[in-house]
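Biologist: Could you take me slowly through one part of this model, the salt bridges and the residues that form them? I would like to see how each pair is placed, and then how that picture sits beside the helices and domains around it.

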Amino acid sequence: MKAGQAGRPTAATPPGILYVVATPIGNLEDITLRAIRILREVGLIAAEDTRHTRKLLSHLDIHTPLVSYYKDREAERAGLILQRLRGGVDVALVSDAGTPAISDPGAVLVGRAHQEGIRVVPVPGASALTAVVSASGMADPHLLFLGFLPAQKKERCRLLKEVAQRQEMLVFYETPRRIRACLADCMAVLGDRPAFLARELTKLHEESMRLPLSAIAEALGKREAIKGEFVVVLAGAAPPAPRPEEAGLVELLRWYRQEGQLSLKDVVRQLTRDLGLPRTEVYREALRVWQEAMAE
Ligand code: SAM
């Protein structure tokens, strides 16, 4: 018997559990064994688009009833679903692809379930966010996830200006229709930076580029048609240069080495002038710092 389908609730009926279930972002093999079991066992599945989820369920031979839970009617639908949870029915929340509530509907229902003391259990799996960060080779302990950037240029540039000095890596979702304009705005506001762009992850036409932002924008600019789903990762802003009057020689050398804009020779020339130290001393220390970095 399915969880929560044991008949009419009594005063003693404990509330159901709300499972937040990740589904594939393209490749159906990415569904987890646990997700399949939960989707089969719950009494109800709340889906962003029932037609879309029905296809996945029929592929898995699952016949659990579905109810729609979509963005424009989140509040109203959450009320109905909470009623079922209160009555003891276990519910699985899914979105069209990936993890619910990550740039997808779900947060309203999950938030209200918490308020009511209903147990919320994540059933993790695919997400374009974690897939792209893990494959970027740029993973940083700190990242700033921006969801979708605003559709209007003015708002988009305003947001980009707000985050321009943030040192965390930036990650955002983008549609094929806006990707070119969006990359052009990123170049104009954030400047050229190391970047990673992924398209159609886990699907037949999966593609990724790990290049400077300018090169990615140029490559997409040359295409006649742009199709598919995109995720973009950009390196964060470089940390501000230490102030010469406060920082030691080695600290400054390490900063210049990490920043990678100047050659060893140019750094030595600049620091000899800025710090008023003998050139041989600066050169000796610079060699040590460059060698140290190469050994890392
Ligand atoms: N909740 C989903 C998740 O966890 O991945 C994201 C939903 S959001 C509405 C959809 C956006 O995610 C797409 O426009 C695209 O930017 C990104 N996305 C989803 N699937 C993708 C894929 N297979 N490859 C690249 N990006 C994808």
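Modeller: A residue is called buried when its relative accessible area is under 20%, exposed when that value is over 50%, and partly exposed in between. Please keep in mind that this is a predicted model, and that every value below was computed from it.

With those cut-offs we can begin at Lys-203, which counts as partly exposed because its relative accessibility is 28%. The side chain of Lys-203 meets that of Glu-200 in a salt bridge, with 3.3 Å from N to O. Glu-200 has a relative accessibility of 15%, and therefore counts as buried. In this pair, then, a buried residue is joined to a partly exposed one. As a general point, side chains of opposite charge can pair when their charged atoms come close.

A second pair is made by Lys-222 and Glu-218, whose side chains meet in a salt bridge at 3.4 Å, again taken from N to O. Here Lys-222 counts as exposed, because its relative accessibility is 64%, while Glu-218, with a relative accessible area of 49%, is partly exposed.

The third pair brings us to helix α10, where Asp-266 and Arg-269 are three residues apart, so about one helical turn separates them. Their side chains meet in a salt bridge of 3.1 Å, N to O. Asp-266 is partly exposed at 30% relative accessibility, and Arg-269, at 48%, is also classed as partly exposed. Elsewhere, Lys-153, Arg-156 and Asp-185 are joined into one network by salt bridges that share partners. In the whole structure there are 17 salt bridges, including the pairs described here.

It helps to stay for a moment with the surroundings of that network. Helix α6 covers residues 153–163, and Lys-154 lies in it. With a relative accessibility of 61%, Lys-154 counts as exposed. Although Lys-154 and Asp-185 are 31 residues apart along the chain, their C-alpha atoms are separated by 9.8 Å.

Now return to helix α10, which spans residues 264–275, and consider its partner, helix α9, which spans residues 249–259: their axes come within 11 Å and cross at roughly 145°. The crossing of these two helices is right-handed. On the α9 side, Leu-249, Leu-252, Leu-253 and Tyr-256 take part in the contact, and on the α10 side they meet Val-267, Gln-270, Leu-271 and Leu-275. Sorted by class, this contact has seven nonpolar residues, one polar residue and no charged ones. Helix α10 therefore offers two things to look at, namely the salt bridge between Asp-266 and Arg-269, about one helical turn apart, and the contact with α9 in which no charged residue is counted.

Finally, we can step back to the whole chain, which is divided into domain 1 (15–125), domain 2 (129–234) and domain 3 (244–295). The C-alpha centres of domain 1 and domain 3 lie 56 Å apart. For one more distance, take Gly-137, which is placed in the loop between α5 (128–136) and β6 (143–148). Gly-137 is exposed, because its relative accessible area is 60%. From the C-alpha atom of Gly-137 to that of Val-42 the separation is 38 Å, and the two residues are 95 residues apart along the chain.

Notes
Residues are numbered from 1 along each chain as its sequence is written. This is a predicted model: local features need pLDDT of at least 70, side-chain atom pairs count only at pLDDT 80 or more; totals for chains, interfaces and linings use all residues. Side-chain values use heavy atoms; hydrogens and water are left out. Axes are lines fitted to C-alpha atoms, for helices over the stretch in contact, and angles run from 0 to 180 degrees between N-to-C directions. Helices (H or I, at least four residues) and strands (E, at least two) are DSSP runs, numbered from the N terminus. A crossing is left-handed if the near helix is turned anticlockwise from the far one by less than a right angle, and right-handed if clockwise. Contact means heavy atoms within 4.5 Å. Ala, Val, Leu, Ile, Met, Phe, Trp, Tyr, Cys and Pro count as nonpolar, Asp, Glu, Lys and Arg as charged, and the others, Gly among them, as polar. A salt bridge is a side-chain nitrogen of Lys or Arg within 4 Å of a carboxyl oxygen of Asp or Glu. Buried means under 20% relative accessible area, exposed over 50%, partly exposed in between (1.4 Å probe, protein chains only). Domain bounds come from an automatic or database domain assignment.
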